[in-house]
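Student: I should like a close look at one part of this model, namely its pocket linings. Please describe that part first and then set it in the context of the chain.

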Amino acid sequence: MKDLAVVKKYAHALFAEAQAKNELRAAQQGLEELIRVARLRGSLNQILSHPFIVVDEKKRMIHSALGEYATPLLERFVFLLVSKRRLDLLFLIAQEFQNEVDQFMNVQSLRVKTAFPMSEIQQKDLQKKLEAWLKSKVRMDVQVDTQLIGGLIIQTRDQVLDQSLKGQLKKLRQQLVG
């Protein structure tokens, strides 16, 4: 629980500073790149946390990990995480930062589970319908779940819309039994 409060504070501080400097998109892209590099090189946290690596070398490594998305704000932020020994919270901070950006930009992040893979055209059509329904922009994470038999399940932050065949059969069964 304590870590969650810390995560929210760091994410909010980065959001506020990036917004003030008009660098929201740059910070967002930089965090995505850093997460990508951290996943590829799982030892990044250990290397940056190592006490025998000098500060200038750590700063150079951070700049290198951020690549083309390196901004002074993001470099200072990541170095702050390293110096406070909070780099292990980077994934959670990035997630919380994305939530704040989404809320600010009126974007809803949805998880869509489908029984079969959807084509680009089907995804765009679904996205347009969901944007009209939710009255906001939508970013979808589409996943295939073959256990659904048919249809799809849409999950927002607050609600779940189950339009799958498996879900419909389950409702019918409950009605017949109850």
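Tutor: The account below begins with the conventions, proceeds to the pockets, and ends with the chain as a whole and a few individual residues.

The model is predicted: local features need pLDDT of at least 70 and side-chain atom pairs count only at pLDDT 80 or more, whereas totals for chains, interfaces and linings use all residues. Residues are numbered from 1 along each chain as its sequence is written, and side-chain values use heavy atoms, with hydrogens and water left out.

The largest pocket has a volume of about 480 Å³. A pocket here is an open set of points on a 1 Å grid over the protein atoms alone, where a 1.4 Å probe fits and protein lies on both sides within 12 Å along at least five of seven lines; a lining residue has an atom within 4 Å of a point. Grid points are joined across faces, edges and corners, and the volume is the space filled by probe spheres set on the points. The lining of the largest pocket comprises 17 residues, of which Gln 95, Asn 99, Ser 109, Arg 111 and Arg 139 are the closest to its centre. Two or more lining residues come from each of helix H1 (2-20), helix H6 (90-105), strand S1 (107-114) and strand S2 (137-144). The most are given by H6, with 6 residues. Helices (H or I, at least four residues) and strands (E, at least two) are DSSP runs, numbered from the N terminus. By residue class, the lining of the largest pocket holds 5 nonpolar, 6 polar and 6 charged residues. In this division Ala, Val, Leu, Ile, Met, Phe, Trp, Tyr, Cys and Pro count as nonpolar, Asp, Glu, Lys and Arg as charged, and the others, Gly among them, as polar.

The second largest pocket has a volume of about 260 Å³. Its lining consists of Gln 28, Leu 31, Glu 32, Ile 35, Arg 39, Phe 91, Ala 94, Gln 95, Phe 97 and Gln 98. Helix H2 (24-40) and H6 each supply at least two residues of this lining, which divides into 5 nonpolar, 3 polar and 2 charged residues. Gln 95 thus appears in the lining of the second largest pocket and among the residues closest to the centre of the largest.

H6 also carries Glu 96. Why does Glu 96 count as buried? Glu 96 is buried because its relative accessible area is 17%, and buried means under 20% relative accessible area, with exposed over 50% and partly exposed in between (1.4 Å probe, protein chains only). When residues up to four places away in sequence are not counted, Glu 96 touches Val 7, Lys 8 and Ala 11; contact means heavy atoms within 4.5 Å.

As to the setting, the chain has 8 helices and 4 strands, which run α-α-α-α-α-α-β-α-β-β-β-α from the N terminus on. The radius of gyration of the chain is 21 Å, while a compact globule of 178 residues would have one near 16 Å; the quantity is taken over C-alpha atoms, and the globule rule is 2.2 Å times the number of residues to the power 0.38. The C-alpha trace spans about 70 × 35 × 30 Å along its principal axes. Of the 178 residues, 35% count as buried. Among contacts with a separation of 6 or more, 68% join residues 24 or more positions apart.

Several loops deserve attention. Met 118 lies in the loop between S1 and helix H7 (120-134) and counts as buried because its relative accessibility is 18%. Beyond residues up to four places away in sequence, Met 118 touches Gln 123, Leu 126 and Val 142. Met 118 and Val 144, 26 residues apart in sequence, are 8.6 Å apart in space, C-alpha to C-alpha.

Lys 135 is placed in the loop between H7 and S2. Although Lys 135 is not a glycine, it has a positive phi of about 55 degrees; with a relative accessible area of 69%, Lys 135 is exposed.

Ser 164, in the loop between strand S4 (160-162) and helix H8 (165-177), is buried, with a relative accessible area of 1%. Its contacts, not counting residues up to four places away in sequence, are Leu 148, Gly 150, Gly 151, Leu 152 and Ile 153. Ser 164 and Leu 152 are 12 residues apart in sequence and 4.7 Å apart in space, C-alpha to C-alpha.
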